[in-house]
Amino acid sequence: MSDDSGSEINVEFSAEQKHHKSAPFASSNLRIVTVSDRTCLTFPKKMSKPEFITIMQNAENNPELINDTQPVEPGFGRCEVFVMNKNIQKSKLGIDNFTPWHKGGVKRSLERQHSYFYTIKESGQFVPSHKDFATHVLRISLFVLASCHALNKKIYRMFKIDDPTTHCLPSLIVYTFEPGFERPTPNSPAVLNRKALDDILLNANISQYQSPSTSLEKLANGICSPDSFNSSPKRAKMEGDCESTFDMTNFGAGPSGMREPKLEIEGSSTGSPVREEEETDYSINNRPSLFNVQTSHNTPSSSKVQQNHSKFQNYDMFSAGVISNATVPAPMFHPRITPIADLDNEDGKIDSEELIQRNKLAALYRLVDLFRWSQGIYNHITVRVSSNPDEILINAFGQLYCEISASSLIKVDLDGTVIDGGSTHFGVNQAGYVLHSAVHNARPEVKCVVHLHHPSVVAVSAQKCGLLPISQEAMIVGEVGYHEYRGILIDEAERALLVRDLGDRHVMILRNHGFVVCGESIEHALSLTYHLIIACETQVKTVPGGNTDNVHFPAQAAIKQVYKVASNGGGGVNRQNGHVNSTQWRKGELEWQAYMRQMDAQGYVTGHVYD
């Protein structure tokens, strides 16, 4: 893949030179090598935005470093930078051998884009600026490479504000690869839809419970081709190899006592069931998918705050609707309420979007405590900082959830560097960093990650059958991933396994441990957590030992309908002006605003901006 015979450059430069357009490249131990027949700059560690801008500026004066075509594969180094001709459009820069294939044999990248605004000094140095006064904008596109979550790709492009369609500097394609993980193989163009896959299963006499990666291995070469696409809108999700979803009309889980599904050959006069092959791997991740659906600062006055400051926390209000006898044992403290939105930002030092996220995340910690889901100082909730997608906010390890406020949250980057230590002297829990940084790094569309150890969810995680669709709340949650227990999450090497087991799902149950919820927003994450806990409490009462002989399972069509409706804003049932309107409220927002009203009424000072 790469040619290690490239030249090695060791340079040092002063802070004044670092951003100057005539300065050398902003890193020592830079190596210039050949990767995929393209010139590549390799670095021993990840670089910062100012350093990437410096590379773009210096490459402008070093045309021998500029590539005219994009690389098809990286060299799997720690940080690889390909300088690209500024005339190449982003649509071409984003395509490589790891770009996911889509229906019809078309490659389409999955990305998230962020913009950063700068002004340029006479010396050529780019300095961050408010967008109203900026002269340039740096656009960073983060790409999801489904084949391997240890491999990440970003594209850096610089534009002038008055000419947002033309690159003013060479673009950069940046690959980073976590060392120690297996190198991925390029994505296959194979996509099977449900009807084609069902026909294969019937004709080949393959059990529905067999893993697609093992059961269809012998069939993939002959069937997985672009010609196998058809017009069905429901198809298998694709992550390199053929993945499949199955019809669960007779849903069961053999080893846990559920009846096995019977397959009948279409057109058979006798209707006799096809004899299924014996299957020994009943891993929950190989079980057929059940859900194949695509789918503030109005701070009260000081007198109002002082008036409500003496009130005590009302736990009973939030426990309604959640079975209270399954909560984590905890002392019933009734401390005086401390405000959530305790940051004064009159000088504008804190980004306005970050301030909103701080207030919301602190409010979510308080809600978790009010719902009695907290476990002392343990567990974690994080949110991605809007102004910088590579930075997250997390709780200070040592505070009870009822103590957490906007100012106490710690800001770290995805490499674990503390950027803002918050208002306490506490640090960050290593297990929390390992888990949350893995998810945020691999899933750029995820905004908020919740990790809790609720007893009912832990009980379900210990059942071989996993979460069953026997309640409406379980259907609302949707498809769930499972991760095997390997001890306390302090080994950073486990991050790739966590990401693999999570996939593109919103919820993952950690075997014998707890759960992880991935929300598109803080509100969405709370909604998923709420329904997951109720679903697990219902299952523990209905199926205490995992025996489902006397359990009624709803029809597959009903399961899908519930998930599809609930995936819309307002729960999909918000009726206004004579029709159901799901666009006004995004997922979880309607409930969140109701909780904020109650908390503000009790003097929590959430800082929420009401619509």
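Author: Let's start with a term: a salt bridge is a side-chain nitrogen of Lys or Arg within 4 Å of a carboxyl oxygen of Asp or Glu. The model is predicted, so local features need pLDDT of at least 70 and side-chain atom pairs count only at pLDDT 80 or more, while totals for chains, interfaces and linings use all residues. Residues are numbered from 1 along each chain as its sequence is written, and side-chain values use heavy atoms, with hydrogens and water left out.

Reader: OK, the big picture. What share of the residues in the protein chain is buried?

Author: The chain holds 15 helices and 25 strands; these are DSSP runs numbered from the N terminus (helices: H or I, at least four residues; strands: E, at least two). Buried means under 20% relative accessible area, exposed over 50%, and partly exposed in between (1.4 Å probe, protein chains only). Of the 611 residues, the buried share is 53%.

Reader: And how much of the accessible surface belongs to carbon and sulfur atoms?

Author: Areas come from the Shrake-Rupley method with a 1.4 Å probe, and for residues only the protein chains shown count as cover. The accessible surface of the protein chain is about 27400 Å², and the part belonging to carbon and sulfur atoms is 49%.

Reader: Salt bridges, then. Which residue forms one with Glu589?

Author: A search of the whole structure turns up 16 salt bridges. Glu589 is buried, because its relative accessible area is 15%, whereas its partner is exposed at 55%. The closest N and O atoms are 2.9 Å apart, and that partner is Arg586.

Reader: Which residues are joined into one network by salt bridges that share partners?

Author: Here the bridges link up through common partners. The members of this network are Glu354, Arg358, Glu391, Lys411 and Asp420.

Reader: How far apart are the closest N and O atoms of Arg443 and Glu445?

Author: Arg443 is buried, as its relative accessible area is 5%. Glu445 counts as partly exposed at 39%. They form a salt bridge with the closest N and O atoms separated by 2.4 Å.

Reader: What about Lys46: which residue does its side chain meet in a salt bridge?

Author: Lys46 is partly exposed at 22% relative accessibility, and its partner is also partly exposed, at 41%. The N to O distance is 3.4 Å, and the partner is Asp415.

Reader: Let's look at helix H9. How far apart are its end C-alpha atoms?

Author: H9 covers residues 430-442, so 13 residues in total. The expected span is 1.5 Å times one less than the number of residues. That gives 18 Å, and the model agrees: the end C-alpha atoms are separated by 18 Å.

Reader: How many residues of H9 are buried?

Author: Among the buried ones are Gly432, Tyr433 and His436. Contact means heavy atoms within 4.5 Å, and the cover over the buried residues includes strands S16, S17, S18, S20 and S23 as well as helix H12. The helix is largely enclosed by the rest of the structure, because the buried count out of 13 is eleven.

Reader: Which residue caps the N-terminal end of H9?

Author: A polar contact is a pair of N or O atoms within 3.5 Å; within protein, one must be able to donate a hydrogen and the other to accept it, and residues adjacent in sequence count only if both atoms are side-chain atoms. At this end, a side-chain oxygen lies 2.8 Å from the backbone nitrogen of Ala431. The cap is Asn429.

Reader: Next, Asn388 in the loop between S16 and S17. Which residues does it touch, not counting those up to four places away in sequence?

Author: Asn388 is buried, since its relative accessible area is 10%. Its side chain reaches the backbone nitrogen of Asp390 at 3.0 Å. Leaving out residues up to four places away in sequence, it touches Lys49 and Tyr116.

Reader: Any odd backbone angles? What is the phi of Asn379?

Author: Most residues other than glycine have a negative phi. Asn379 is in the loop between H8 and S16 and is buried, with a relative accessible area of 3%. Although it is not a glycine, its phi is positive, at about 75°.
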